[in-house]
Amino acid sequence: MITLEVRGNTKLTPGFSTITLGGPELEHLKPTGSDQTVRLFFPREGQDRLRMPKLSSEAWMAEILLLPKSRRPWVRNFTIRRARPELGEVDIEFALHGDTPASAWARRARPGDPAGIFDMGVTYLPPAHAEWQLLAGDESAVPAILAILEHAPASLTAEVVLEVPGTADIRADITAPEGVQVRWLARDGSDALPGRLALDAVKKSSLRPGRFYTWVAGEAGLATGVRRHLVQDRGVPKPDIAFFGYWRHGRSSPG
């Protein structure tokens, strides 16, 4: 368990903010690049301090659940967008989903506010046999995919589909190898469910030849829909697809 504090809160676009966390305990975190995932602990609104678990293993969950909600912190999974070990800082990028606990905290977080993290490792593990890659996600997966591209080798060839709430959320300054083609899709107030535009784009795409690795994440219907389509309609081997349902539309996470 690593206890930190907020050092900055930067609005990137209408739908995204970056929270910079820092502190001397970050010396215990080993940056692994790509989509390094952490459990983020942050206080509920009205709590006077953050109560971090004392156990430094997955047993922390039972410890948290024994606390009354009035003292229990919120816990959510996030990707480290950037790490600066020399400064004792990490950036965590938030997709601002309505009034979810994480979005509400990201909007009100100020320098000095407490937070904590627990390292969960990485999920982006492309096999050596992959000739190219397909990366797809909605706004909740944008930070992970951008981090993957930023740490990718110059030789990477990839097709990337990124869905965001609005045109104003499209980034023009991303870092990616020359062989990466990024396609942005904006819902712009349409009735389309989150992830639907990205799923339809994958279904309609003319995938390049050669065996490829897929990493898809975001709303559960997007993740499972892409996997189902690739396996059933394109004959892609299941082991070549990594898929992660970060959230489910219309269902809030328990606290």
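This passage describes salt bridges in a predicted model.

Side chains of opposite charge can pair when their charged atoms come close. In the predicted model, 12 salt bridges are found. One of them joins Arg 82 to Glu 150, with a distance of 3.0 Å between the closest N and O atoms. This pair connects distant parts of the chain, since Arg 82 belongs to strand S4 (residues 74-84) and Glu 150 to helix H3 (residues 142-151), the two being 68 residues apart. Both side chains retain some accessibility: Arg 82 is partly exposed, at a relative accessible area of 36%, and Glu 150 is likewise partly exposed, at 25%.

A further salt bridge is formed by the side chains of Asp 240 and Arg 211, with an N to O distance of 2.6 Å. Here too, distant parts of the chain are linked, with Asp 240 placed in the loop between helix H5 (220-234) and strand S11 (241-247), and Arg 211 in the loop between helix H4 (196-204) and strand S10 (212-219), 29 residues apart. Asp 240 is buried, with a relative accessible area of 2%, whereas Arg 211 is partly exposed, with a value of 40%.

Beyond individual pairs, salt bridges with shared partners unite Arg 81, Arg 82, Glu 93, Glu 150 and Arg 171 in one network. The pair of Arg 82 and Glu 150 described above thus has both of its residues in this network.

The side chains of Arg 84 and Glu 89 also meet in a salt bridge, at 3.0 Å from N to O. Glu 89 has a relative accessibility of 17% and therefore counts as buried, the limit for this class being under 20%.

Notes. Residues are numbered from 1 along each chain as its sequence is written. This is a predicted model: local features need pLDDT of at least 70, side-chain atom pairs count only at pLDDT 80 or more; totals for chains, interfaces and linings use all residues. Side-chain values use heavy atoms; hydrogens and water are left out. A salt bridge is a side-chain nitrogen of Lys or Arg within 4 Å of a carboxyl oxygen of Asp or Glu. Helices (H or I, at least four residues) and strands (E, at least two) are DSSP runs, numbered from the N terminus. Buried means under 20% relative accessible area, exposed over 50%, partly exposed in between (1.4 Å probe, protein chains only).
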